[in-house]
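Biologist: Could you walk me through this model, starting with its aromatic rings? I would like the reasoning as well as the result.

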Amino acid sequence: MEVLSCGGHSISISKPKLITKQPSSSSSSSSSISVLPSHLVTTRRAIIFTAVTSYFTKSSITQSVALAQQLLDETQQEEDRVVHLFEVTSPSVVFIKDLEIVDNSKTADEVEMVDGQKAKVEGTGSGFIWDKFGHIVTNYHVVEKLATDQNGRQCCQVFLVDKSGNSLSRDGKIIGVDPSSDLAVLKVDLEGIEVKPVDIGSARKLIVGQSCYAIGNPYGYENTLTTGVVSGLGREIPSPNGGAIRGAIQTDAAINSGNSGGPLLDSHGHVIGVNTATFTRKGSGMSSGVNFAIPIDTVVRTVPYLIVYGTAYRDRF
């Protein structure tokens, strides 16, 4: 009996009996010769080959199963992380309705009641809570009609949640605007209400390829999350007043009508930009959009002046 050991596994192989061939009388040698038949040699090699192959096959299967489980665990962890990011940051995002007071409306679906008056929805957008005092950051173009209203017929409603998760709406009042950077600040009355301001990040160390997330209200669908990557940096896009916004962030995270003014987030839930524009080019029966966000560093420089003075720093001189 022979024992073959391989990687901690062993098999027993019975030794075949030797056939002793007696020399003929004419042989000059007096010793006997032991001969192992060729078919037995082949069988023994086959047994050894099968044992070794079986061991390595089992080892490969075990490794493959372990690798598959690892990939599943990593996928689940990534999903859990994104879910947590949305749960933590979405209470800081608001839904903005741009309204116009009307005397008559063609259909009841177009009308909402605001302070006892009929109002028609002119557009929707997003924003985010800047501080605990009720300042809301959004795009200028989201509230442009309110900012340029000469007849007192424009108003906006801001829909948000408090720290307890209760939904509420408030009238939004314009505090300051900067068309050159497409930024505006609204103020809502939060007396007796506690809210969660966003966590501010930085766009200075962004790199192309890193993950990013947009939260907003595209087409009026509240609290919508889209994911993507930073597709480009240092872009130049047009501002509402015809100038240029420099340093814009390009992303493939979907930004549609109603997303404007909402936050673009990094993987830690920090705001790295304000979603502002999608440029679409049509051709060959298809359309494709390129999405942009104003870098948060521009926002950080601009918003304090809008809150205090109503205009950007450069416009004060």
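Biologist: How many aromatic pairs does the count come to?
Modeller: Keep in mind that this is a predicted model. Rings pair if their centres lie within 6.5 Å. By this rule, the count of aromatic pairs comes to two.

Biologist: Take the rings of Phe-95 and Phe-159: is that pair stacked, edge-to-face or tilted?
Modeller: Their centres are 5.8 Å apart and their planes are at 35°. Under 30 degrees would count as stacked and over 60 as edge-to-face. The angle falls in the remaining class, so the pair is tilted.

Biologist: Which strands does the pair link?
Modeller: Phe-95 and Phe-159 are 64 residues apart, so to speak from distant parts of the chain. Phe-95 belongs to residues 93–101 and Phe-159 to residues 154–161. The strands are β5 and β9.

Biologist: And which class of exposure does Phe-159 fall in?
Modeller: Phe-95 has a relative accessible area of 5%, under the 20% limit, so Phe-95 is buried. Phe-159 has 24% relative accessibility, which lies between 20% and 50%. Phe-159 therefore counts as partly exposed.

Biologist: On to the interior: which residues touch the most other members of the largest nonpolar core?
Modeller: This core has 29 residues. Elements that each supply at least two of them include α1, β18, β19 and α3. The residues touching the most other members are Phe-128, Ile-249, Leu-264 and Val-299.

Biologist: What does Val-299 contact, leaving aside neighbours within four places in sequence?
Modeller: Val-299 is one of the buried residues of α3. With those neighbours left aside, the contacts of Val-299 are Trp-130, Val-137, Leu-183, Val-274, Ile-294 and Pro-304.

Biologist: How far apart are the end C-alpha atoms of helix α3?
Modeller: The helix has 14 residues, 296–309, and at 1.5 Å a residue it should span 20 Å. The model agrees with that expectation: the end C-alpha atoms are apart by 20 Å.

Biologist: Where does α3 bend?
Modeller: The bend is about 30°, and a proline, Pro-304, follows within four residues. The bend is at Thr-302.

Biologist: With which strand does β14 share six bridges?
Modeller: β14 is mostly covered, with five of its six residues buried. It pairs with β17 in the antiparallel sense over two bridges, one partnership being Ala-214 with Leu-264. The six bridges, also antiparallel, include that of Ile-215 with Leu-225. Their strand is β15.

Biologist: Is Ala-248 buried or exposed?
Modeller: Ala-248 is found in strand β16. Among the residues it touches are Gly-232, Phe-292 and Pro-295. Its relative accessibility is 0%, so Ala-248 counts as buried.

Biologist: What is the phi of Asp-182?
Modeller: Most residues other than glycine have a negative phi. Asp-182 sits in the loop between β11 and β12, and is buried, with a relative accessible area of 4%. Its phi is positive, near 55°.

Biologist: And what is the phi of Asn-223?
Modeller: Asn-223 lies in the loop between β14 and β15. At 40% relative accessibility, Asn-223 counts as partly exposed. Although it is not a glycine, its phi is positive, at about 50°.

How values were computed:
Residues are numbered from 1 along each chain as its sequence is written. This is a predicted model: local features need pLDDT of at least 70, side-chain atom pairs count only at pLDDT 80 or more; totals for chains, interfaces and linings use all residues. Side-chain values use heavy atoms; hydrogens and water are left out. The expected span of a helix is 1.5 Å times one less than its number of residues. The bend at a residue is the angle between axes fitted to the seven residues ending there and the seven starting there. Buried means under 20% relative accessible area, exposed over 50%, partly exposed in between (1.4 Å probe, protein chains only). Rings of Phe, Tyr and Trp (its six-membered ring) pair if their centres lie within 6.5 Å; planes under 30 degrees apart count as stacked, over 60 as edge-to-face and the rest as tilted. A nonpolar core is a set of buried Ala, Val, Leu, Ile, Met, Phe, Trp, Tyr and Cys residues joined through side-chain atoms within 4.5 Å. Contact means heavy atoms within 4.5 Å. Two strands pair if DSSP finds at least two bridges between them.
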